[in-house]
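Student: Could you take me closely through one part of this model, the paired strands and the cysteines? I would like one connected account rather than a list.

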Amino acid sequence: MSEPGILLTARAMVLHDLAARGFDDAVMVSLLEDVVAGRQWWLDQWPDGAEHIAGLVAQDVQDRLVDSGLRWPRCTACDDLNDHELRIEPELGPDPHWVCERAGISVSPLGRLT
């Protein structure tokens, strides 16, 4: 897949998951656009790392939201009543998915949150 296609696919996957949890307003979409633009440089430097882009974009969005005091995506899959978010696994690898680290369960592939 070409570089623009890789970045657009990553954008679409993360946008789906933002929308699934009600985080698809203009501010969040703008944040996502900034993250995708920032990952262009990374992809230019390491074209062989294309399979990692989607997970990295999701992590970057999540990190930016944490920096602003927001947790996304919140876990709704386990019995833990303490508020916590899902994390991307693998941290750097193909086929990223959301996991609840507290319960040790895989919740959803990236781009398929409900």
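Tutor: In this predicted model, E89 stands opposite H97, a residue of strand β2. That pairing belongs to the contact between strand β1, residues 87-89, and strand β2, residues 97-100, which run in the antiparallel sense and are joined over three bridges. Strand β2 also pairs with strand β3, residues 105-109, again in the antiparallel sense, and here the pairing extends over four bridges. Within this second pairing, W98 stands opposite S108 of β3. The connection between β2 and β3 is a hairpin with four residues between the two strands, and in its turn G104 has a positive phi of about 70 degrees.

The cysteines call for a careful reading of distances. A disulfide is a covalent bond between the sulfur atoms of two cysteines, and the cut-off applied to a pair of sulfur atoms is 2.5 Å. For C75, the closest cysteine sulfur is that of C100, and because the separation is 3.7 Å, the two are too far apart for a bond. For C78, the closest cysteine sulfur is likewise in C100, at 3.7 Å, so this pair is also too far apart for a bond. By this rule the count of disulfides comes to zero. As for their surroundings, C75 is buried, with a relative accessible area of 14%, and C78 is buried as well, with a relative accessible area of 17%.

Terms used
Residues numbered from 1 in each chain as written. Predicted model: local features only at pLDDT ≥ 70, side-chain atom pairs only at ≥ 80, totals over all residues. Heavy atoms only, no water. Pairing = 2+ DSSP bridges. Buried < 20%, exposed > 50% of the residue type's maximum accessible area, 1.4 Å probe, protein only.
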